[in-house]
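Biologist: I'd like a close look at one part of this model, the place where the ligand sits. Could you walk me through it?

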Amino acid sequence: MEPWYYRLEQQILDERDFGRAAQETCRTLRAEVRHYNWVGVYMIEGGDTLVLKAWDGPAATEHVRIPIGQGICGLAAREERTVIVDDVNKDPRYLACFLQTRSEIVVPIFAKGKVVGEIDIDSDRPAAFTEADRKQLETVAEWLGKASARAGS
Ligand code: SME
């Protein structure tokens, strides 16, 4: 693992403010990984809506609130699992944000055994996300889950 990864772990676990931890996560992931073109953190509010809490990328998304019934984001939250879409143009569940996006990964954030949010990453490259991305991002999601449980307790 590269140094930025351990730095990010420390920053998330040291941060008392969840919003700042989420923002630092988005900034670092986008800055350090070339195929991560847009990175966002959504958190579940009211039991049924994903609300965008932090993001980093070339442009804002119109999808700042996503009902859990919709999109790849909703699917990952409902099924409580990481979802990788290699070609977003072929997936009817995909909610389009950016014309240049070709593939997407959505990784749930768990706190106290429940999905509380997720990391959503768009890539301009088709099939950009590998098992290595999944593993790395599931670990980042664990750190965010701890930060979220602490903020909510
Ligand atoms: N594409 C997502 C919506 C969020 S944007 O990618 C920022 C989806 O299908 O749920």
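Which helix gives the most to the shell around the ligand, and with how many residues?

Modeller: Sure, and keep in mind that this is a predicted model. Helix 3 is the one you're after: it gives the most to the shell around the ligand, with three residues. Helix 3 spans 71–79, and along with strand 1 (38–45) and strand 6 (114–123) it belongs to the elements that each supply at least two residues of that shell.

Now for the shell itself. There are 13 residues around the ligand, and the ones that come nearest are Ile72, Cys73, Leu95, Cys97 and Glu104. Sorted by class, the shell has eight nonpolar, two polar and three charged residues.

Three of those nearest names are worth zooming in on. Start with Ile72, where a polar backbone atom is 2.9 Å from an oxygen atom of the ligand. Leu95 also uses its backbone: an N or O atom there lies 2.8 Å from a ligand oxygen atom. With Glu104 you should look at the side chain instead, as one of its polar atoms lies 3.1 Å from a nitrogen atom of the ligand. As for cover, the ligand on its own has 310 Å² of accessible area, and the protein covers 100% of it.

That brings us to the space the ligand occupies. The ligand sits in the largest cavity, which holds about 80 Å³ of space. Have a look at the lining and you'll meet some familiar names: Ile72, Cys73, Leu95, Cys97 and Glu104 are among the lining residues. Tyr42, His63, Ile66, Gly71, Tyr94, Asp120 and Asp122 line the largest cavity too. Helix 3 turns up again here, with the largest share of the lining, three residues. Strand 6, like helix 3, supplies at least two residues of this lining. By class, you get seven nonpolar, two polar and three charged residues in the lining of the largest cavity.

While you're in there, note that the structure holds two cavities of 30 Å³ or more. The second largest has a volume of about 50 Å³. Its lining is made up of Asn37, Trp38, Pro58, Phe98, Gln100, Thr101 and Asp124. Split by class, that lining comes out as three nonpolar, three polar and one charged.

So much for the side trip; back to the ligand. If you want one view to keep, centre on the ligand in the largest cavity, put helix 3 in the frame for its three shell residues, and then pick out the backbone of Ile72, the backbone of Leu95 and the side chain of Glu104.

Notes: Residues are numbered from 1 along each chain as its sequence is written. This is a predicted model: local features need pLDDT of at least 70, side-chain atom pairs count only at pLDDT 80 or more; totals for chains, interfaces and linings use all residues. Side-chain values use heavy atoms; hydrogens and water are left out. A residue is near a molecule or strand if one of its heavy atoms lies within 4 Å of it. A polar contact is a pair of N or O atoms within 3.5 Å; within protein, one must be able to donate a hydrogen and the other to accept it, and residues adjacent in sequence count only if both atoms are side-chain atoms. Accessible areas come from the Shrake-Rupley method with a 1.4 Å probe; for residues, only the protein chains shown count as cover. On a 1 Å grid over the protein atoms alone, a cavity is a set of points where a 1.4 Å probe fits but cannot get out, and a pocket is an open set with protein on both sides within 12 Å along at least five of seven lines; lining residues have an atom within 4 Å of a point. A molecule sits in a cavity or pocket if more than half of its atoms lie within 2 Å of its grid points. Helices (H or I, at least four residues) and strands (E, at least two) are DSSP runs, numbered from the N terminus. Ala, Val, Leu, Ile, Met, Phe, Trp, Tyr, Cys and Pro count as nonpolar, Asp, Glu, Lys and Arg as charged, and the others, Gly among them, as polar. Grid points are joined across faces, edges and corners, and a volume is the space filled by probe spheres set on the points.
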